[in-house]
Amino acid sequence: MKFISLFLTGLIVSISARALPSRFDDIRKSGVLHAATEGAFPPFNYFRGKDLGGFEIELTNEIGKRMGLKVDWKTYAFDSLLIGLGQHRYDIVAASHAVTPERALAVDFANPHYCTGGVILSRVGGPQTIKDLGSKVVAVGVGTSYAQFLAKQTNVEVKTYPKDLDGIQALLAKKVDALMTDKFVVLELKKEGKLPGLQYSDIVEQEKIAIAVHKGEPALLAALNKGLEKVLADGTYTKLSEKYFGEDIRCK
Ligand code: ARG
């Protein structure tokens, strides 16, 4: 009896495995890769007027091209992006997500498309190291790796804002003592003269940033990695990276 039921289970598993076409087959047939991002994290993903652009938008479009696909973008609040991926509302998320062990339980990550880190932004004279933070009040974007890092590694009071950059207004208004966000986001703000009276630290937390894919889509993941490999090798990556950052920010 046990043997028969084991046999039947095996049969059902193998039939359903065969009956389930890979999601990547459907994507290839449609020619469109449905991608989600936030659109409020310059210079990685952001709106210039009505146009969505930025380093990782352009990079993902290039990766899509190498896969023979057109990338169709939709934007959502940052903290809902991986949830929507879990519900199959789109195929990939490219929104500067750091690869973390917690996230890797819920989604699969492609190979990283850049390496960076979190920095501390504060008013001149304010905290610049983890130690300086003590039990101060620190602003972060809701659902970010910085929120998790601070909760795990420090005793600070974390204040979350819908967007990473909303925290800057809070910092200028002295509602918080510091803000933690991406190094290149801060460098971009500085370039635009948007950090009056503010200072920033060196990287206090290293991150590898990658595109997220629904779990159990090995064909899609492999195709993304292949596409990334091609743009890294053929000069496209360097050109884009130089355009946005004046340097090549691939993981070394
Ligand atoms: N790298 C950080 C994280 O993994 C911040 C990402 C924020 N991205 C965005 N589109 N707002 O959480």
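Which residues come nearest to the ligand? Start there. This is a predicted model. Select the ligand and display the 15 residues around it. Glu38, Ala98, Arg103, Ser145 and Glu207 come nearest.

**Stop 1: polar contacts**

Keep Arg103 selected. A polar atom of its side chain lies 2.8 Å from an oxygen atom of the ligand. Now pick Ser145 and show its backbone. Here a polar backbone atom is 2.7 Å from a ligand oxygen. Go on to Ser96, again with the backbone displayed. A polar backbone atom of Ser96 sits 2.9 Å from a nitrogen atom of the ligand. Next, turn on the protein surface. Alone, the ligand would expose 350 Å², and the protein buries 100% of that.

**Stop 2: the cavity and its shell**

Hide the ligand and look at the space it takes. That space is the largest cavity. Bring the shell back and color the residues by class. Six are nonpolar, five are polar and four are charged.

Switch to a cartoon view. Select helix 7 (145-153), then strand 13 (205-209). Each of these elements supplies at least two residues of the shell around the ligand.

Now color by domain. Use 6-114 + 209-245 for domain 1 and 115-206 for domain 2. Which domains give the shell at least three residues each? Both domain 1 and domain 2 do.

**Stop 3: two backbone details**

Leave the ligand and select Pro42 and Pro43. The peptide bond from Pro42 to Pro43 is cis, with omega near 5 degrees. Pro43 is in the loop that runs between strand 2 (40-41) and strand 3 (45-48).

Finish at His88. Where is this residue found? His88 lies in the loop between helix 4 (81-86) and strand 6 (92-93). Check the phi angle of His88: it is positive, about 60 degrees, although this residue is not a glycine.

Notes
Residues numbered from 1 in each chain as written. Predicted model: local features only at pLDDT ≥ 70, side-chain atom pairs only at ≥ 80, totals over all residues. Heavy atoms only, no water. Near = heavy atom within 4 Å. Polar contact = N/O pair within 3.5 Å; in protein donor to acceptor, adjacent residues only side chain to side chain. Areas by Shrake-Rupley, 256 points an atom, 1.4 Å probe, with all protein chains shown as cover. 1 Å grid on protein atoms, 1.4 Å probe; cavity = no way out; pocket = protein on both sides within 12 Å on 5 of 7 lines; lining within 4 Å. Sits in = over half its atoms within 2 Å of the grid points. Helix = DSSP H or I, 4+ residues; strand = E, 2+ residues; numbered from the N terminus. Nonpolar A, V, L, I, M, F, W, Y, C, P; charged D, E, K, R; others polar. Domains from an automatic or database assignment.
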